[in-house]
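Trainee: I'm new to this one, so could we walk through it together?
Mentor: Sure, pull it up and ask away.

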Amino acid sequence: MTRALFADTTVLITGASSGIGAAFAEELATAGARLVVAGRDERRLEAVAVRARNRGGTVVTIALDLAAPAGVAALLRRFKADGIEVDHLINNAGAGVQGRGVSTPVERQLGVIDLNVHATTELALRLLPGMVARRCGGILNVASIAAFQGMPGLSVYAGTKAYLLSWSEALHFELRGTGVRCCCLCPGPADSRFFDAAGMRPPPAIVSMQSPAAVARAGLRAYSRNASHRMSGPLPSVLAWLTRVTPRALNAAVASNFSRSRGRP
Ligand SMILES: NC(=O)c1ccc[n+]([C@@H]2O[C@H](COP(=O)([O-])OP(=O)(O)OC[C@H]3O[C@@H](n4cnc5c(N)ncnc54)[C@H](OP(=O)(O)O)[C@@H]3O)[C@@H](O)[C@H]2O)c1
């Protein structure tokens with residue numbers, strides 16, 4: 001199914017220089033897609049491109065900061081100049097900042113919104129009209145299990161992911177009958193640079209981490225089936241379900257254990 005959907009199509013993967021995004025690139029190269037991989041780190045992007053090409057994919061790398069004020073505009077200008085038409089957008093770039101809202105620099109917290117919400121939304125909304133006109137393609141937004149409850153110590157991040165899930169579900173509905181899909185993937189903890197980049201400790205050992213490859217495969221399966229949203233595996237599914245049957249205040253208290261700073265035991 002994945003191959004039938006992606007072969008000979010152009011797929012833009014944001015945040016493809018590591019972790020889940022890099023895993024999407026490898027999976028989609030195998031499925032015969034033409035890849036455009038974006039992120040800030042040119043060296044890591046090139047390494048991902050080499051691995052994807054070894055799997056038979058054609059790959060263009062674009063190094064840029066999507067959270068910068070004109071980041072998305074620069075990317076779209078590049079597409080226009082190079083005649084790139086994006087069929088599928090994997091809105092995967094995302095970041096968090098660990099810390100209490102009151103004592104974490106405001107600019108760092110707003111930067112999370114710039115990337116996780118603003119860039120993600122703008123990219124999708126600018127690319128959607130072309131997809132709808134061609135009656136094919138779609139958007140896979142990468143949210144998180146953090147979308148299901150407030151997370152003390154990672155509050156802005158969890159808020160951005162709740163937004164992504166809500167927005168994606170609505171977009172999925174709006175796009176019915178257009179030939180274009182929208183799906184939201186909600187991964188549980190995955191073994192990537194995410195925790196380090198956010199200044200967090202990885203989750204307690206009792207929580208098993210998924211591999212980026214397993215998360216990417218779950219996302220592509222859900223997108224291929226035109227699901228509105230999907231958790232990345234059984235454990236995240238159970239945890240998300242639990243948040244629906246337990247009091248919200250309790251959920252936030254439990255979640256605070258998962259967003260510990262690297263400096264705190
Ligand atoms: N790992 C988890 O446990 C987990 C769980 C749930 C959801 N997620 C979500 O999964 C997605 C991928 O994260 P990951 O786990 O694979 O972590 P990761 O390895 O840190 O990947 C994040 C990606 O986003 C890119 N990125 C960050 N800031 C950017 C910016 N300003 N402009 C452009 N690209 C930027 C990074 O590339 P550069 O550094 O090269 O810019 C990197 O490729 C994120 O949306 C994250 O919220 C992760």
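Trainee: Which residues in α5 meet α6?
Mentor: Keep in mind that this is a predicted model. On the α6 side, look for V156, Y157, T160, Y163, L164 and W167. Facing them from α5 are Q109, V112, I113, N116, V117, T120 and T121.

Trainee: By class, how many nonpolar residues does the contact of α5 with α6 have?
Mentor: Charged residues are absent from this contact, and 5 of its residues are polar. The nonpolar ones number 8.

Trainee: Are α5 and α6 roughly parallel or roughly antiparallel to each other?
Mentor: Start with the axes of α5 (residues 106–134) and α6 (residues 155–174), which come within 9 Å and cross at roughly 15°. Angles under 35 degrees count as roughly parallel. So α5 and α6 are roughly parallel.

Trainee: And is the crossing of α2 and α3 right-handed or left-handed?
Mentor: First find α2 at residues 19–30 and α3 at residues 42–54. Their axes come within 8 Å and cross at roughly 20°, so these helices are also roughly parallel to each other. As for the hand of the crossing, it's right-handed.

Trainee: Which residues of α3 make the contact with α2?
Mentor: From α2, the contact takes A22, A25, E26 and A29. By class, the residues of the contact divide into 5 nonpolar, 2 charged and no polar. The α3 residues are V48, R51 and A52.

Trainee: Let's turn to the sheet. Which strands stand at its edges?
Mentor: The sheet is open, has 7 strands with parallel pairing, and runs in the order β3-β2-β1-β4-β5-β6-β7. From one strand to the next, the twist averages 15°. A strand at the edge has a single partner, so one of its sides is left without a neighbour in the sheet, and that applies to β3 and β7.

Trainee: What is the bridge partner of R34 in β3?
Mentor: R34 belongs to β2 (residues 34–39), which pairs with β3 (residues 58–63) in the parallel sense over 6 bridges. Together with α3, these two strands make a right-handed β-α-β unit. In β3, the partner of R34 is T58.

Trainee: What about V11, which residue is its bridge partner in β2?
Mentor: Here we look at β1 (residues 10–14), which pairs with β2 in the parallel sense over 5 bridges. Within that pairing, the partner of V11 is L35.

Trainee: Last one: at about what angle does α6 run to β6?
Mentor: Follow α6 as it lies across β5 (138–142), β6 (181–186) and β7. Its angle to β6 is about 155°.

Key. Residues are numbered from 1 along each chain as its sequence is written. This is a predicted model: local features need pLDDT of at least 70, side-chain atom pairs count only at pLDDT 80 or more; totals for chains, interfaces and linings use all residues. Two strands pair if DSSP finds at least two bridges between them. Helices (H or I, at least four residues) and strands (E, at least two) are DSSP runs, numbered from the N terminus. A crossover is right-handed if, with the strands pointing away from the viewer, the path from the first strand over the helix to the second runs clockwise. Axes are lines fitted to C-alpha atoms, for helices over the stretch in contact, and angles run from 0 to 180 degrees between N-to-C directions. Angles under 35 degrees count as roughly parallel, over 145 as roughly antiparallel, 65 to 115 as roughly perpendicular and the rest as oblique. Two residues are in contact if their C-beta atoms, placed from the backbone, lie within 7 Å. Ala, Val, Leu, Ile, Met, Phe, Trp, Tyr, Cys and Pro count as nonpolar, Asp, Glu, Lys and Arg as charged, and the others, Gly among them, as polar. A crossing is left-handed if the near helix is turned anticlockwise from the far one by less than a right angle, and right-handed if clockwise.
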